[in-house]
Amino acid sequence: MGATTDTAATLGYLARALKAPTIGRVWEQLAVTARDEGWSHEDYLAAVLQRQVADREANGTSLRIAGAHFPAVKTLEDFNVDHQPSLRRDVLAHLATTTWIAKAENVILLGPPGVGKTHLVSSAVNSLQ
């Protein structure tokens, strides 16, 4: 027993009006799963909203990275630590974990042009994707 044509059209319209495209894509498939597995209305609603939020967060990360206009995609593996002998490897290893991001800790990279500051920041940001 699926949604009527009117209900499907209404949900499609509401998803567009709310600018929630993921809801428009997943509501029907999740409704089938919910009926088959006996989910409560609250469980179904939570599942639909979780999918929308997850997609929005993923898209937001991609948009912010694109908006940062980094010169190129960089990784820590590409960073030549031999060119920076004063760089402490333990600090670099800590930065590579990106745990400082979830903790909202600041990282300040100081140095003259051409020493790899942007490379390190770009690689940290790229590791989040």
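Gln 52 has its place in helix α3, and this helix is a convenient point of entry into what is a predicted model. Helix α3 covers residues 41-67, 27 residues in total. From its first C-alpha to its last it reaches 38 Å, close to the 39 Å expected at 1.5 Å a residue. Just after α3, His 69 takes a positive phi of about 55°.

Along the helix, the degree of burial may be considered next. Gln 52 counts as buried because its relative accessibility is 8%, and buried means under 20%. The other buried residues of α3 are Ala 47, Val 48, Gly 60 and Ile 65. Leu 49 is also found in helix α3. Leu 49 is partly exposed, because its relative accessible area of 40% lies between the limits of 20% for buried and 50% for exposed. An α-helix has 3.6 residues a turn, so residues three or four places apart point the same way.

The surroundings of Gln 52 lead to an earlier part of the chain. Leaving aside residues up to four places away in sequence, Gln 52 touches Lys 19, Ala 20, Pro 21, Thr 22 and Ile 23. Two of these contacts, Ala 20 and Ile 23, also belong to the largest nonpolar core. That core has seven residues, the others being Ala 15, Val 26, Leu 30, Ala 47 and Val 48. The elements that give two or more residues to the core are α2 (21-37) and α3. Helix α2 provides the largest share, three residues. In soluble globular proteins, nonpolar side chains tend to be buried together.

Within this core, Leu 30 offers a closer view of the contacts. With residues up to four places away in sequence not counted, Leu 30 touches Ala 47 and Val 48, both of which are core members as well. Leu 30 also touches Trp 39, Tyr 44 and Arg 51.

Another region of the model holds the largest pocket, with a volume of about 310 Å³. It is lined by 15 residues, of which Leu 87, Leu 109, Leu 110, Lys 117 and Leu 120 are the closest to its centre. Helices α4 (89-97) and α6 (117-126) are the elements that give two or more residues to the lining. By residue type, the lining divides into 10 nonpolar, three polar and two charged.

A final pair of residues relates the pocket to the helix considered at the start. Leu 49 of α3 and Leu 120 of the pocket lining are 71 residues apart in sequence. In space, Leu 49 and Leu 120 are 35 Å apart, C-alpha to C-alpha.

Notes
Residues numbered from 1 in each chain as written. Predicted model: local features only at pLDDT ≥ 70, side-chain atom pairs only at ≥ 80, totals over all residues. Heavy atoms only, no water. 1 Å grid on protein atoms, 1.4 Å probe; cavity = no way out; pocket = protein on both sides within 12 Å on 5 of 7 lines; lining within 4 Å. Points joined across faces, edges and corners; volume = space filled by probe spheres on them. Helix = DSSP H or I, 4+ residues; strand = E, 2+ residues; numbered from the N terminus. Nonpolar A, V, L, I, M, F, W, Y, C, P; charged D, E, K, R; others polar. Expected span 1.5 Å × (residues − 1). Buried < 20%, exposed > 50% of the residue type's maximum accessible area, 1.4 Å probe, protein only. Core = buried A, V, L, I, M, F, W, Y, C linked by side-chain atoms within 4.5 Å. Contact = heavy atoms within 4.5 Å.
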